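Reader: Could you walk me through this one before I go back to the bench? I would like to go from one topic to the next and ask as I go.

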Number of protein chains: 4
Amino acid sequence: MDSAVPPDSNSGLVATTGDDNPISTTAFSLPPITIQKLPHLSDYVANLATLTNPIDRSSFYHPFPGFYLSPSDLILRHIVFDLSSAAAGDGGRFLAYHRAGPRPTIHFDPAAVRAAIVTCGGLCPGLNTVMRELVVGLWDLYGVRQIFGVPSGYRGFYSMEPMKLDPKMVDSWHKRGGTVIATSRGGFDLEKIVDAIEQRGFNQLYVIGGDGTMRGAVKIFREIQRRKLNISITGIPKTVDNDIGIIDRSFGFQTAVEMAQEAINAAHVEAESAVNGIGLVKLMGRSTGHIALYATLSSRVVDCCLIPENDFYLEGKGGLFEFLDQTLKRNGHAVIVVAEGAGQDMIPRTDKQKEEKDESGNPVFLDVGPWLKSELKKWWEQEHPGELFTVKYIDPTYMIRAVPANATDNLYCTLLAHSAIHGVMVGYTGFVSGPINGNYAYIPMEEVAVAQNVVDTKDHKWAWVRSVTNQPDFQKC
Amino acid sequence: MDSAVPPDSNSGLVATTGDDNPISTTAFSLPPITIQKLPHLSDYVANLATLTNPIDRSSFYHPFPGFYLSPSDLILRHIVFDLSSAAAGDGGRFLAYHRAGPRPTIHFDPAAVRAAIVTCGGLCPGLNTVMRELVVGLWDLYGVRQIFGVPSGYRGFYSMEPMKLDPKMVDSWHKRGGTVIATSRGGFDLEKIVDAIEQRGFNQLYVIGGDGTMRGAVKIFREIQRRKLNISITGIPKTVDNDIGIIDRSFGFQTAVEMAQEAINAAHVEAESAVNGIGLVKLMGRSTGHIALYATLSSRVVDCCLIPENDFYLEGKGGLFEFLDQTLKRNGHAVIVVAEGAGQDMIPRTDKQKEEKDESGNPVFLDVGPWLKSELKKWWEQEHPGELFTVKYIDPTYMIRAVPANATDNLYCTLLAHSAIHGVMVGYTGFVSGPINGNYAYIPMEEVAVAQNVVDTKDHKWAWVRSVTNQPDFQKC
Amino acid sequence: MDSAVPPDSNSGLVATTGDDNPISTTAFSLPPITIQKLPHLSDYVANLATLTNPIDRSSFYHPFPGFYLSPSDLILRHIVFDLSSAAAGDGGRFLAYHRAGPRPTIHFDPAAVRAAIVTCGGLCPGLNTVMRELVVGLWDLYGVRQIFGVPSGYRGFYSMEPMKLDPKMVDSWHKRGGTVIATSRGGFDLEKIVDAIEQRGFNQLYVIGGDGTMRGAVKIFREIQRRKLNISITGIPKTVDNDIGIIDRSFGFQTAVEMAQEAINAAHVEAESAVNGIGLVKLMGRSTGHIALYATLSSRVVDCCLIPENDFYLEGKGGLFEFLDQTLKRNGHAVIVVAEGAGQDMIPRTDKQKEEKDESGNPVFLDVGPWLKSELKKWWEQEHPGELFTVKYIDPTYMIRAVPANATDNLYCTLLAHSAIHGVMVGYTGFVSGPINGNYAYIPMEEVAVAQNVVDTKDHKWAWVRSVTNQPDFQKC
Amino acid sequence: MDSAVPPDSNSGLVATTGDDNPISTTAFSLPPITIQKLPHLSDYVANLATLTNPIDRSSFYHPFPGFYLSPSDLILRHIVFDLSSAAAGDGGRFLAYHRAGPRPTIHFDPAAVRAAIVTCGGLCPGLNTVMRELVVGLWDLYGVRQIFGVPSGYRGFYSMEPMKLDPKMVDSWHKRGGTVIATSRGGFDLEKIVDAIEQRGFNQLYVIGGDGTMRGAVKIFREIQRRKLNISITGIPKTVDNDIGIIDRSFGFQTAVEMAQEAINAAHVEAESAVNGIGLVKLMGRSTGHIALYATLSSRVVDCCLIPENDFYLEGKGGLFEFLDQTLKRNGHAVIVVAEGAGQDMIPRTDKQKEEKDESGNPVFLDVGPWLKSELKKWWEQEHPGELFTVKYIDPTYMIRAVPANATDNLYCTLLAHSAIHGVMVGYTGFVSGPINGNYAYIPMEEVAVAQNVVDTKDHKWAWVRSVTNQPDFQKC
């Protein structure tokens, strides 16, 4: 049916042709797979405690062979191949990660554990579920009794009293949005933080936050290593935008996509109920358009989805205005979803805005929603003066990120928290838990902190998905 | 940290030890991977039409290298290994499947396509979305104009007039529960169906249904092959219970888990508001407890989850009653989730029920919910006569399965439908689309029709998950 | 346009005809209106404390003329007249009630108040909101600090320790279904209860419960009077069925009607998706069909609504089966809503059921849902043997009554609680608060305890409403 | 208990003192009550058709005495009195209105009816339900078959083709937000509209819109009268803000209050999760703060609610900043709800804004939300430089008004539509239907068009309600 596929010798993939028929490649081999190493307290701490895992203390539980995982339990990361391409794996490198889960032997005495949980940065559905499960999991499974919430982000380590947490207190947290222990941006002072950790006697750190927070956690991890402290640190990536790499997705993302439907539906109703009505919805996503893209694919009523990964233009052949003109003529209305990071280069900056930098030294972020609304109105007045036209603009950001996690995310947050606990109790440190191709694994925190997850618009997956929406590709030709 | 992991020679996995340290296994190799072959019309039809894929006809679209998939695009199925075990892969067999998506060349002339869509069996969230997207995808992407809904399941082929469908008609179907074209059980008459297909000139068949429906579709596929008809058939597995194997999950499942939360929350509230209150929720799942299990893990308030895959018992050491007694003493209330297939062997059958068989010849199914409620009351009256006790029983089945798909499932249904269309247009037949480890693939229908997906209670994944709920394992010892 | 309306001399209404034109009645007079008297502690307690209302202590508040209500603030109860009928008013009696709200002078020293709150009977949306607002209102407005929840209904007075409540503790209760302090049926022992009240020093009693509970509260009220105790008692009627008279509606009712939509929608989807599909929903309402009726009028998809106030029959001319036959022929599906109290006389009783009595000595209640489902199936098999037919039966009771109150009910519960507090602080006792024609009033508890609110099927309001549903009236002729 | 209440002779209320005890006023009399006259086609059209009401044609229906209403069925408007005040009634005037519902005799031959429905102005939950029920009611109850939707508001009469509507077409409209026939502002051209009405042969007009629309409808009504056309017109007031007087509330209002909870909850979560966090929500309401007020009372988490009817100030004793300062100190966070019409006088206007007028010649409306957010930030920076502070601002307007009606509003819209139909079929014209004190009545359109419904902040009802929120009254002293 299709032409032969000569395996690319550079890919390391070796095809086994079944017979002369070029399409009958029936088998192939992968190059050797590298196992990603994880940092462990034993790397620099001598005389670690060694105890039998107490999970099975329950009188209702009887351990059986296979309950515990071992270091030989692995999950493969690169699993999609084009046999004809050199791009297989990660530059020809195939990786496997250690699976997450309980081990038969642990390296923390539960009675000696003092665990600290901190949430940093903006809100994300599921924050409270992760915390609830950290508390309940440590308490019920391992018998830990000293569990603390560090209030208000990194600065809370050195400037506030930690909150003692127990299962009763956190019992209904998973039904609440936000973060009960509060959060804030910034406040990262490495020395003060690690000093405070030592002073308070914390020996397990659960750090929940975005990419900036993860980079901070890596610094704490290195400082802890430098001081040779018997303290394990794990990061739980929190980014409603889903811009963290390696793991399948970040918690809260599915809830955000679900909630975004309400805004898109409202925009659709407003557009449909007007003459030449346009509904415009801005969704979260500065560096990546995952929420915008998934919300678009879920809703089935969006005509055009604009994301940071794909430059767009307004005027001329193949531009947004031409597309909208045709859509309005055909349907009488149109719905546009725009990720907040889209079109930043097109929005004119005042002199003041040109000078301003954000905390990271980048140009300040401009609001694409009102700008696009204004451009649409200008265009219509010029092209169709006197004709009815309406743009209704919706920014549902806080109504999306402040809700409790839905069922899918609650389950995810639960397994994330338990993965983290099992990893920490066994002495791993400087790591992140997360699903890789559907299975929970442990990943070096340093690797996650630099990984990015953006929509690859040159990939056929994106292209195919784009065909679902039937929108312009904004590739001038 | 852990002891060395000697690779099991039977597994075909070959470990590469980095040095003498037993934990430093750093690389390993997989045995050759077999590519699963897909049936294609060219297997038995000569002179297939061959056309350039018309997807890129849109003036807003410019194809780029990599848009189309080829037969060399593969996804690996077995990706989780225990290097120390022979169980890796599927009995040592490693498989790869062809990825789903558009191909550059198609084998149906869109102007000659007459597509038929049929829904069989019970309701499932997302049915209407799948149909909507089949219609919209065929129409918009490939320019197909002859698309029909076959009403009321298999019997509709030979006993009712098909409904002509177009994008305008199906525009808001994804927001409706149920199936607009109606469904029914049974009515499978192979000769009548294939005769009707020929007579009506259908050459693309999209069959949406459960395992029985898939087995019927396989029979139709074989009969079409036998008659050497130029008709492509694809199955879209519909099972809210998620009991279809190979693919990651079935559509509607996430919505069902989400909706089940309402019932569990109500049961929890009823239990908490009473003295010695028990909330009992029966969830769908005859052969498997996926919904019960996922709903339990999502809710965080369930004390015990009973599924068909794990026998349970009521009385004695480690039994349900003992567990409930302790739970009530500790918390004053308890919540139980039971899958409909759990405990079938324990429910006493009347003589009549012993004789009755269902349509497939199996013993009739008994209702575990009222039985368990009654047993609980009997137990309490005997053990704690005169003390307050309440059991509130909720059966939310129809309120779960009749809702529209949520965002996650709507997206999934959309990609399922488009996967199916692309596969059919390119001439594949007798196949099923679905995600394998997160990537959409094509799978032989015959393989899916016999695959099962049940909770493996001997797997450490289950064991670990069980530890989250902290419930009895019902393993007498 | 219409014929003249001679005022009925018996009604006490006197029409003033503007001129000779019979339709130009332009004015009329009402007979004298009686003000309903309220019990007050001063009726039997001498030397009540008298204090200025402390509401205005807040530095942000400045009292103005008209803030406080006085005994001359009244609300009229009978406001709908047929000038031609003797039925105006209540048998010719016109009543006005005292309006609820703060008074300038109170008769309880907040520092000496010990308030007790108890919830009895089944769950109802809004229970927790009422309690929350009792606590917050007493605390914030009047400075009361001794507020207690009596656990588990009436029996809690004499058999359990009261729970001390404060605003922080109850802060989020309005977002929770059920009742945090738990409830139970029965346990009413007048002597034990009043002894316990005296012993614990409670001097304000807030009793939340249904009609049985209200009758109990009247007994407590009389015993308190008999003992000449300086204790004020108020009842807050809780009946999700809305079967309490005089007040406009009971709290939680609107939420129940809202939630019932989910069940009706599911039944509709199931019915529509089948061939000759019937969706059958049983809703709460033993003595009255308010929920069934309102849910039907709200949903617009119900074909027939069966309520206890209107006898129905299955077979023969004008019966349910004939109606369904026509509906199925016309639409292919039908939706039926049945109140749990409908058709009790038609359900066959076993000998055992004939003997059994409930706690009040009435015949035990039978489940109309499964019976009707079974009758429908029998009918179809007899009338249309071999034809497809499906009945899907949904009983959403616990999923309706266990949810938190919606916005409308939350507001209502808030004003109910504050009305009760203001009335008690000013020394009223043996009363109930509630809206009469939209305005909150105080009503003697003894009057409410005997009032009933059933659908009057001989009223033109019902008749008109019935015309909306277009269903049979089951009046044989 | 309270001092005697001397009836104010100016009020027309005459008290009957039972005995010498000053509190024992036991009865009183009202002055004569005026019946509000309704316009009727017979006022200026001779030889109206007169037919028996065809409602009872159904074979399942048997009319009974009392089904039909007559002109002697009345509802009293002024029902709350302060016996001590002259303010009773409407300046001493007591009014009664004719009740809505079917009459035994109608004045339109259903076969000759051509009904037109139009929606004008902004969206409001329930618009589609009203239209659905107009279509279904006219069709099913009266047998009308010529029913049209006029697209896109008033301009649709003379510039677009009407859409023919029937029950099948509108079947699921009540589940959709917006208006299926589209709407627009403006376009009112009296001559063109009435000419078009005559030309198209419409003889029943159902006009759904806000106060501007109602004023337009009054003009059409007068022009129809002037031309002596046998055309009945009725207005159905649509204002999500609930700013229409006389009737209890406008449709969609309860849904809006319900939806506003989502925004308030999100604001609350954002505020709670931050250090010194403020959640700010802007809700609809230009001339009145009903939505803001009801949403506040429903939510129980709002600290301050700002409405147009109550001037507020930011700085100084008793101002918003002082209140927030105390609230933040006490709770760490605060939630503010502001109606869009609040604070208009405080927002600085640019020179351009000073000159701009809206379509009605009023100064253009400024956006209070961003202004208030900015003022809050300025205040904090000045008062608490360097301290953490966050304001999250949410504008949920379109997400509130574009949703379908909830159950309460669906029922309301249904009864509104049926009330309108019954009134029109019987020949009333120039009227509005709506509930007065809970009972549906007919009100002259001219009266409704000038009535306003604003929160009366000098009333004790408001004052009492204000006490629930415990917020500043902004009365400088």
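**Strands, helices and chain contacts**

Author: I will begin with a single pair of residues: C:Ile75 has D:Val80 as its bridge partner in β6(D). This is a predicted model, and that pair belongs to the pairing of strand β5 (residues 73–76) of chain C with strand β6 (residues 80–82) of chain D.

Reader: In which sense do β5 of chain C and β6 of chain D pair, and over how many bridges?

Author: They pair in the antiparallel sense, over three bridges.

Reader: And which strands of chains A and B are joined by three bridges?

Author: Strand β6 (residues 80–82) of chain A and strand β5 (residues 73–76) of chain B are joined by three bridges and run antiparallel. There, A:Val80 stands opposite B:Ile75 in β5(B).

Reader: How many residues does the contact take from chain B and from chain A?

Author: It takes 80 residues from chain B and 80 residues from chain A. On the side of chain B that touches chain A, helix α12 (residues 407–425) of chain B gives the most, with six residues. Sorted by class, that side of chain B has 36 nonpolar, 33 polar and 11 charged residues.

Reader: What turn lays chain B on chain A?

Author: A turn of 180° with a shift of 0.0 Å along the axis lays chain B on chain A, with an RMSD of 0.0 Å. That is the relation of a two-fold axis. In chain B, the residue that comes closest to the rotation axis is B:Asn437, whose C-alpha is at 2.7 Å.

Reader: Why do you say the copies meet through the same surface?

Author: Because 100% of the interface residues of chain B are also interface residues in chain A, the copies meet through the same surface.

Reader: Back to C and D, then: how many residues does that contact take from each chain?

Author: It takes 80 residues from chain C and 81 residues from chain D. The largest share of the side of chain C that touches chain D comes from α12(C), with six residues.

Reader: What does α12 of chain C look like, and is it mostly covered or exposed?

Author: Helix α12 (residues 407–425) of chain C has 19 residues and reaches 27 Å from its first C-alpha to its last, close to the 27 Å expected at 1.5 Å a residue. This helix is mostly covered, since 19 of its 19 residues are buried. Just after α12(C) comes C:Gly427, which takes a positive phi of about 100°.

Reader: Changing topic, why is strand β14 of chain A described as largely enclosed?

Author: Seven of the seven residues of β14 (residues 277–283) of chain A are buried, so the strand is largely enclosed by the rest of the structure. Both of its faces are covered, with A:Gly277, A:Gly279, A:Val281 and A:Leu283 buried on one side and A:Ile278, A:Leu280 and A:Lys282 buried on the other.

Reader: Which strands does β14 of chain A pair with?

Author: It pairs in the parallel sense with strand β16 (residues 333–339) of chain A over seven bridges, and A:Leu283 stands opposite A:Ala339 in β16(A). β14(A) also pairs in the parallel sense with strand β17 (residues 390–394) of chain A over five bridges, where A:Val391 is the bridge partner of A:Ile278.

Reader: Last topic, confidence: what is the mean pLDDT of chain A, and where does pLDDT stay under 50?

Author: The mean pLDDT of chain A is 90, and 91% of its residues reach 70 or more. Over residues 1–11 of chain A, however, pLDDT stays under 50, and over residues 17–24 of chain A the pLDDT is below 50. The model scores ipTM 0.93 and pTM 0.94.

Notes:
Residues are numbered from 1 along each chain as its sequence is written. Chains are lettered from A and ligands numbered from 1 in the order in which they are written. This is a predicted model: local features need pLDDT of at least 70, side-chain atom pairs count only at pLDDT 80 or more; totals for chains, interfaces and linings use all residues. A residue is buried if 20 or more other C-beta atoms lie within 10 Å of its own, exposed if 12 or fewer, and partly exposed in between; C-beta atoms are placed from the backbone. Helices (H or I, at least four residues) and strands (E, at least two) are DSSP runs, numbered from the N terminus. Two strands pair if DSSP finds at least two bridges between them. Copies are superposed by least squares on the C-alpha atoms of residues with pLDDT of at least 70 in both. Two residues are in contact if their C-beta atoms, placed from the backbone, lie within 7 Å. Ala, Val, Leu, Ile, Met, Phe, Trp, Tyr, Cys and Pro count as nonpolar, Asp, Glu, Lys and Arg as charged, and the others, Gly among them, as polar. pLDDT is the predictor's confidence in each residue, from 0 to 100. The expected span of a helix is 1.5 Å times one less than its number of residues.
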